[in-house]
Amino acid sequence: MERFFKIKENGSTISTEIMAGITTFMAMAYILAVNPNILTAFGKTGMEWYPVFLATAIAGGIFTIAMGIFVNFPVALAPGMGLNAYFATVVVSTAGSEHPITWQMALTAVFISGIIFFLLTITHVRQMLLEAVPDALKHAITVGIGLFITIVGLKNSGMLSVSVETVNDIPKGTFTPLQGFETVFGLGSFSNPDVLLTIIGLALISILMILNVRGAILFGILGTTVAAILMGRVDFSSLSSADARWVPDLTKLSFFEFDFAGIMGVGIVSIILTFTFVELFDTFGTLVGTANRAGFMKNREEGNKRVGKAMFVDSVAVAGGAALGTSTVTAFVESSAGVAEGGRTGLTSVTTGICFLLSLFLAPVVALIPGPATAAALIVVGVLMMQAVTEINFKDLVIGIPAFMTIAFMPFTYSIANGISFGILGYVLLAFVANVFGKGEKYKIHWLMWVLFVLVIVRYVAMGGH
């Protein structure tokens, strides 16, 4: 291990690397419970909990180990937050429509986006795209997704209620403007046990985080589960039922459940582009941020080379994860927890990956975790993603307005794609006007931004405005 991972050369030890890998796993193990709940949307998407759990654990294990062995990089991968919520939203929101998008079609879109990543990576176009989009918009995308995830958590917890009278007045599949005094949202009832459990979860996770407890989100989920048990909200019969799978049943895996024929009849192009676009910036930020934290970017050439290799593994993981039956697999920002513990080599990732594979034997226990516990985790993840807002200069309105539109349109229109689209439109338009008619700073507009500008307009014209 010493020779293969160059542990001493990177100023670390085997024991430090192993502890760092366990720390990273503890920080991101919540995805084992959260991802199945989101992708199944509590039975609304048609996907089943156990196959998604299997895919989450196996994808997290295999591709994190691959990152460690082939790149020697202390970064872990698993199905990404935000994109899994978008995945479920697309499936649920189109159910009952003339051209519904099934979960098999959505997995096909993820798989295609992985192929696109692979091609963009080996041709170095991926790096070019990252240079084209202003840093402010990249940060705004992160913040917007954080708010989007928060909305998902609030909905799943029951803390976000909806006015039934208002909704019933709106025909299905149509949109209607609201008056200035109208709203369809409200605060859920505190007599609802799920709402109380979510509040308990938020308090536990928040307290543990400010006390700098490693794995605060995971321990908060476990603590909320204990509270749910005391409140009689957990059914233990599943542990001894015939369906309890203490030994992984890989025959239940949704392997290569693709529908290439079906996606031809729906507007899948914009969905593929959204998966591709969001993952593009999410991965880049995580990889570069982790590389900086680990000190790899001190030698910029070597650091960029390592990040490039990591992008290659990431692109394979996207397609591979879809083949296993889960939404986009991506690098996790929680990897920084292991780096903070001293992880500097791929042995950290290998350790984390092994932990994911071992978790396959804990499916019945993970299945006991109630929805409010994972909902609280989603809300807190939104807080962490919101931190990127400090990197945006809102005083520069050429930057501030598009960034704000990116952030606001994601949660308020319940669409990640809308946020990114309006951010691109706003920046290209305002930067062009400022460059032509302004007398101050000149703003860079990469030619690829013009291409994206046109594609966004075409997308909305084709969609009829929605």
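User: What does Ser-315 touch, leaving out residues up to four places away in sequence?
Analyst: Ser-315 has contacts with Gly-114, Phe-117, Phe-118, Thr-121 and Arg-126, once residues up to four places away are left out. Bear in mind that this is a predicted model.

User: Sure. Which helix is Ser-315 in?
Analyst: Helix H14, which covers residues 300–324.

User: Is Ser-315 buried or exposed, and why?
Analyst: Buried, because its relative accessible area is 1% and the cut-off for buried is under 20%.

User: What about Ala-319, where does that one sit?
Analyst: Ala-319 is found in H14 too. Its relative accessibility is 12%, so Ala-319 counts as buried.

User: And which residues does Ala-319 touch, not counting residues up to four places away?
Analyst: Phe-111 and Gly-114. Gly-114 is also on the contact list of Ser-315.

User: How far is Ala-319 from Leu-218 in space?
Analyst: They're 27 Å apart, C-alpha to C-alpha, with their positions 101 residues apart in sequence.

User: OK, switching to helix packing. At what angle do H3 and H18 pack?
Analyst: About 100 degrees, with the axes 10 Å apart. H3 is residues 31–40 and H18 is residues 371–386.

User: Is that roughly parallel or roughly perpendicular, and why?
Analyst: H3 is roughly perpendicular to H18, because angles of 65 to 115 degrees count that way.

User: Which residues make the contact?
Analyst: On the H3 side, Ala-33, Val-34, Asn-37 and Ile-38. H18 brings in Gly-371, Thr-374, Ala-377 and Leu-378.

User: How many of them are nonpolar, polar or charged?
Analyst: Five are nonpolar and three are polar, with no charged residues in the contact of H3 with H18.

User: Next one, Thr-225. Where is its place?
Analyst: Thr-225 is in helix H11, which runs over 216–230.

User: Buried or exposed?
Analyst: Thr-225 is buried, since its relative accessible area comes to 10%.

User: What does Thr-225 touch beyond residues up to four places away?
Analyst: Val-234, Leu-368, Ile-369, Pro-370 and Ala-373.

User: And how far apart are the C-alpha atoms of Thr-225 and Gly-201?
Analyst: 8.7 Å, for two residues that are 24 apart along the chain.

User: Let's do backbone oddities. What's the phi of Lys-6?
Analyst: Positive, at about 55 degrees, although Lys-6 is not a glycine. Lys-6 is in the loop between helix H1 (2–5) and helix H2 (14–28). With 42% relative accessibility, Lys-6 counts as partly exposed.

User: And what's the phi of Asn-212?
Analyst: Asn-212 has a positive phi as well, about 60 degrees, and is not a glycine either.

User: Where does Asn-212 lie, and is it buried or exposed?
Analyst: Asn-212 lies in the loop that joins helix H10 (193–210) to helix H11 (216–230). Asn-212 is exposed, because its relative accessible area is 64% and the cut-off is over 50%.

User: Any strands to talk about? Where does Phe-185 lie?
Analyst: In strand S3, residues 185–187. Phe-185 counts as exposed, at 53% relative accessibility.

User: What is Phe-185 in contact with, leaving aside neighbours within four places?
Analyst: Leu-160 and Ser-161. Phe-185 and Leu-160 are 6.7 Å apart, C-alpha to C-alpha, and 25 residues apart in sequence.

User: Zooming out, how many helices and strands are in the chain?
Analyst: 21 helices and four strands. The chain's radius of gyration is 22 Å, close to the 23 Å from the globule rule for 466 residues, so the chain is as compact as a globular protein of that length.

User: What does the C-alpha trace span along its principal axes?
Analyst: About 65 × 60 × 45 Å.

User: What share of the residues is buried?
Analyst: Buried residues account for 54% of the 466. As for contacts with a separation of 6 or more, 81% join residues 24 or more positions apart.

User: Last thing, confidence. What pLDDT does the chain average?
Analyst: The average is 84, and 90% of the residues score at least 70.

User: Which elements have the lowest and highest mean pLDDT?
Analyst: Helix H9 (residues 164–168) has the lowest, 57, while helix H16 (residues 346–358) has the highest, 96.

Key. Residues are numbered from 1 along each chain as its sequence is written. This is a predicted model: local features need pLDDT of at least 70, side-chain atom pairs count only at pLDDT 80 or more; totals for chains, interfaces and linings use all residues. Side-chain values use heavy atoms; hydrogens and water are left out. Helices (H or I, at least four residues) and strands (E, at least two) are DSSP runs, numbered from the N terminus. Buried means under 20% relative accessible area, exposed over 50%, partly exposed in between (1.4 Å probe, protein chains only). Contact means heavy atoms within 4.5 Å. Axes are lines fitted to C-alpha atoms, for helices over the stretch in contact, and angles run from 0 to 180 degrees between N-to-C directions. Angles under 35 degrees count as roughly parallel, over 145 as roughly antiparallel, 65 to 115 as roughly perpendicular and the rest as oblique. Ala, Val, Leu, Ile, Met, Phe, Trp, Tyr, Cys and Pro count as nonpolar, Asp, Glu, Lys and Arg as charged, and the others, Gly among them, as polar. pLDDT is the predictor's confidence in each residue, from 0 to 100. The radius of gyration is taken over C-alpha atoms; the globule rule is 2.2 Å times the number of residues to the power 0.38.
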